[in-house]
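Subject: Structure handover

Hello,

The structure I mentioned is below, for you to open alongside this message. My notes on it follow.

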Amino acid sequence: MTVEPEVDTAGLGQIFEVLIFADFSEPILGFGIDVDFDPAVIDWADDPLVGELWDPVFAPDGDGLAGLSPPTGLVGDGILLVSLLFEGVSVGSTSIDVSVTLEDLTEGFVLEGGVFDSFSVVPDDVIVPEPGADLMAAFALTAIGVLRACSGAARTPIRAPKG
Ligand SMILES: [Ca+2]
């Protein structure tokens with residue numbers, strides 16, 4: 001599985017999407033996962049959407065991160081599992097990772113015969129930077145703009161009074 005946030009850095013209050021894709025070498029009939037992140041840095045902005053190749057199913061832990069693909073299962077690369085919406089809630093950085101709770105038998109990747117497939121995850125990180133960093137950059141750009149405007153004005157020839 002790969003975790004693919006649409007941004008590397010998210011502003012405070014910025015809502016951004018994170019997609020989770022999987023490669024299946026054998027047909028997978030259903031999946032259930034958990035998504036792990038630091039809730040002090042980012043938080044859910046909306047309910048997750050299960051990829052359109054799956055039928056969303058009830059997840060006992062309430063996170064909605066589960067889908068089924070009856071009757072033949074799904075096989076192939078780059079299959080979208082879920083689309084997530086997060087919001088930056090405080091300054092910091094967090095990894096976004098995927099895991100499976102072993103005691104929760106609705107989580108994992110189910111092969112024909114009801115056995116679970118093994119899996120690996122490539123997590124990713126999202127940073128919520130200090131808002132001051134953006135303000136300083138904006139101020140610097142404004143200052144450069146003002147300097148340019150001033151030097152431009154100085155180059156404007158001053159008309160000599162007629163007469
Ligand atoms: Ca779950």
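Two strands count as paired here if DSSP finds at least two bridges between them. By that rule, S2 and S8 pair over 10 bridges, in the antiparallel sense. One facing pair is Glu-17 and Leu-85, the latter in S8. Please keep in mind that this is a predicted model.

Overall make-up

The protein has 11 strands and one helix. Along the sequence the pattern is β-β-β-β-β-β-β-β-β-β-β-α, with the helix coming after the strands. Of the contacts with a separation of 6 or more, 79% are between residues 24 or more positions apart. Buried residues make up 20% of the 163 residues.

Strand S2 and its partners

Strand S2 covers residues 15-32. Besides S8, which strands does S2 pair with?

- Strand S1 (residues 2-5) is joined to S2 by four bridges and runs antiparallel to it. Pro-5 stands opposite Val-18 in S2.
- S10 is also joined to S2 by four bridges, again antiparallel. Here Phe-31 faces Phe-109 in S10.
- Strand S7 (residues 66-68) runs antiparallel to S2, with three bridges between them. Gly-32 has Ala-66 in S7 as its bridge partner.

The open sheet

Strands S3, S9 and S11 form an open sheet in the order S3-S9-S11, with antiparallel pairing. Its edge strands are S3 (34-36) and S11, each of which pairs on one side only. From one strand to the next the twist averages 25°. Three bridges hold the antiparallel pairing of S3 and S9, and Asp-36 stands opposite Asp-97 in S9.

The nonpolar core

In soluble globular proteins, nonpolar side chains tend to be buried together. The largest nonpolar core in this model has 24 residues. Which of its members touch the most others? They are Val-18, Ile-20, Phe-31, Leu-81 and Val-82. Two or more residues come from each of strands S2 (15-32), S8 (74-88), S9 (92-99), S10 (108-111) and S11 (124-128). S2 gives the most, with five residues.

Two of these core residues have already appeared above in the strand pairings: Val-18 opposite Pro-5, and Phe-31 opposite Phe-109. For Ile-20, leaving aside neighbours within four places in sequence, the contacts are Met-1, Val-3, Leu-81, Val-82 and Val-98. Leu-81 and Val-82 are also among the core residues that touch the most other members.

Regards

Terms used: Residues are numbered from 1 along each chain as its sequence is written. This is a predicted model: local features need pLDDT of at least 70, side-chain atom pairs count only at pLDDT 80 or more; totals for chains, interfaces and linings use all residues. A nonpolar core is a set of buried Ala, Val, Leu, Ile, Met, Phe, Trp, Tyr and Cys residues joined through C-beta atoms within 7 Å. A residue is buried if 20 or more other C-beta atoms lie within 10 Å of its own, exposed if 12 or fewer, and partly exposed in between; C-beta atoms are placed from the backbone. Two residues are in contact if their C-beta atoms, placed from the backbone, lie within 7 Å. Axes are lines fitted to C-alpha atoms, for helices over the stretch in contact, and angles run from 0 to 180 degrees between N-to-C directions.
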